[in-house]
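Biologist: Hi, could you walk me through this structure? I'm new to this, so plain words please.
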Amino acid sequence: MLTLERLRADHADAVLAFERENREYFARTVPDRGDEYFTPAGFAARHAALLAEQDAGVCHFHVVLNEEGRLVGRINLLDAEDGSAELGYRIGERAAGKGVATAAVAQVCRMAAATYGLTSLVAVTTLDNLGSRTVLERNAFVVVGDTTIDGQAGVRYRREHLGH
């Protein structure tokens, strides 16, 4: 059973440890966050900025915890406005391939509707990220167009009817 918790100030240490542990793994499929992000001062500034965005209602950030309460991923709803937001997520290497992303996306879709009043979500991924594409398609996201992500061919997804 996974738990999603809204990002809080006291998650900072666990989030930084998670990001450091998975830096090389994430860099295989998404652009690296840069060395400054991983310094104590850089990370603290970024974490504070995320909390400010969340307090303003612009974004909704979450940590994904496993049964033991260990942080295994992050899942976010970005740029929320007019009933829609962009979904973003990253699951750590140790939890990859075990259904964690699929379950977390299903859970955040329900939260998006019930907690945040959203009616649709969009998501983008590169064409070659088959794992992410599978997660989205298993959660009733449908392809709505092509896109480019950091110079790579990508695909844009959308999901309506979030409470279902």
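Modeller: Happy to. Keep in mind that this is a predicted model. For a start, Cys-109 is buried, at 0% relative accessibility.

Biologist: OK, cysteines then. How many disulfides does the count come to?
Modeller: The count is 0 disulfides. Cys-59 is in none, and its nearest cysteine sulfur, that of Cys-109, is 16 Å away. A pair would need its sulfur atoms within 2.5 Å.

Biologist: Remind me what a disulfide is?
Modeller: A covalent bond between the sulfur atoms of two cysteines.

Biologist: And is Cys-59 buried or exposed?
Modeller: Cys-59 is buried, with a relative accessible area of 2%.

Biologist: Switching to helices. Which residues of α5 are buried?
Modeller: Helix α5 runs over residues 130-138, and its buried residues are Ser-132, Arg-133, Val-135 and Leu-136. They cover an arc of only 160° around the axis, so they sit on the same side of α5.

Biologist: Why do residues three or four places apart point the same way in an α-helix?
Modeller: Because an α-helix has 3.6 residues a turn.

Biologist: What's on the other side of α5?
Modeller: Leu-130 and Arg-138, which are exposed there.

Biologist: And what covers the buried residues of α5?
Modeller: The cover includes three strands, β4 (84-91), β5 (120-126) and β7 (152-160), along with helix α4 (100-114).

Biologist: What follows α5?
Modeller: Ala-140 comes after α5, with a positive phi near 70°. Ala-140 is in the loop between α5 and β6 (142-149). Its relative accessible area is 48%, so Ala-140 counts as partly exposed.

Biologist: What sign does phi have in most residues?
Modeller: Most residues other than glycine have a negative phi. Asp-150 is another residue here with a positive value, near 50°. You'll find Asp-150 in the loop between β6 and β7, and Asp-150 is exposed, with a relative accessible area of 61%.

Biologist: New topic: pockets. What volume does the largest pocket have?
Modeller: About 1,300 Å³. Its lining is made of 43 residues, and those nearest the centre are Val-30, Tyr-89, Arg-90, Asn-129 and Ser-132. Ser-132 is also one of the buried residues of α5.

Biologist: Which elements give two or more residues to that lining?
Modeller: Four helices do, α2 (23-27), α3 (40-55), α4 and α5, and so do the strands β3 (71-81), β4 and β5.

Biologist: How many nonpolar, polar and charged residues are in the lining of the largest pocket?
Modeller: There are 19 nonpolar, 13 polar and 11 charged residues.

Biologist: What about cavities? How many are 30 Å³ or more?
Modeller: The count is 2. The largest cavity holds about 50 Å³ of space, and the second largest has a volume of about 40 Å³.

Biologist: Which residues line the largest cavity?
Modeller: Among them are Phe-18, Glu-21, Asn-22, Val-72 and Arg-94. Both α1 (12-21) and β3 supply at least two residues of the lining. By class, the lining has 4 nonpolar, 2 polar and 4 charged residues.

Biologist: And which element gives the most to the lining of the second largest cavity?
Modeller: That's α2, with 3 residues. The lining of the second largest cavity includes Glu-19, Arg-23, Phe-26, Arg-33 and Arg-90. Its residues divide into 4 nonpolar, no polar and 5 charged.

Biologist: Tell me about Glu-19. Is it buried or exposed?
Modeller: Glu-19 is buried, with a relative accessible area of 1%. Its place is in helix α1.

Biologist: Which residues does Glu-19 touch?
Modeller: Setting aside residues up to four places away in sequence, Glu-19 touches Phe-26, Arg-33, Tyr-37, Phe-38, Arg-74 and Arg-90.

Biologist: Last one: where is Ile-91 found?
Modeller: In strand β4. Ile-91 counts as buried, because its relative accessibility is 11% and the cut-off for buried is under 20%. Leaving out neighbours within four places in sequence, its contacts include Phe-18, Tyr-25, Phe-26, Val-72 and Val-100.

Biologist: How far apart are the C-alpha atoms of Ile-91 and Asn-22?
Modeller: They are separated by 8.9 Å, with the two residues 69 apart along the chain. Asn-22 is also one of the residues lining the largest cavity.

Technical notes:
Residues are numbered from 1 along each chain as its sequence is written. This is a predicted model: local features need pLDDT of at least 70, side-chain atom pairs count only at pLDDT 80 or more; totals for chains, interfaces and linings use all residues. Side-chain values use heavy atoms; hydrogens and water are left out. Buried means under 20% relative accessible area, exposed over 50%, partly exposed in between (1.4 Å probe, protein chains only). The arc is that of the directions from the helix axis to the C-beta atoms. Contact means heavy atoms within 4.5 Å. On a 1 Å grid over the protein atoms alone, a cavity is a set of points where a 1.4 Å probe fits but cannot get out, and a pocket is an open set with protein on both sides within 12 Å along at least five of seven lines; lining residues have an atom within 4 Å of a point. Grid points are joined across faces, edges and corners, and a volume is the space filled by probe spheres set on the points. Ala, Val, Leu, Ile, Met, Phe, Trp, Tyr, Cys and Pro count as nonpolar, Asp, Glu, Lys and Arg as charged, and the others, Gly among them, as polar.
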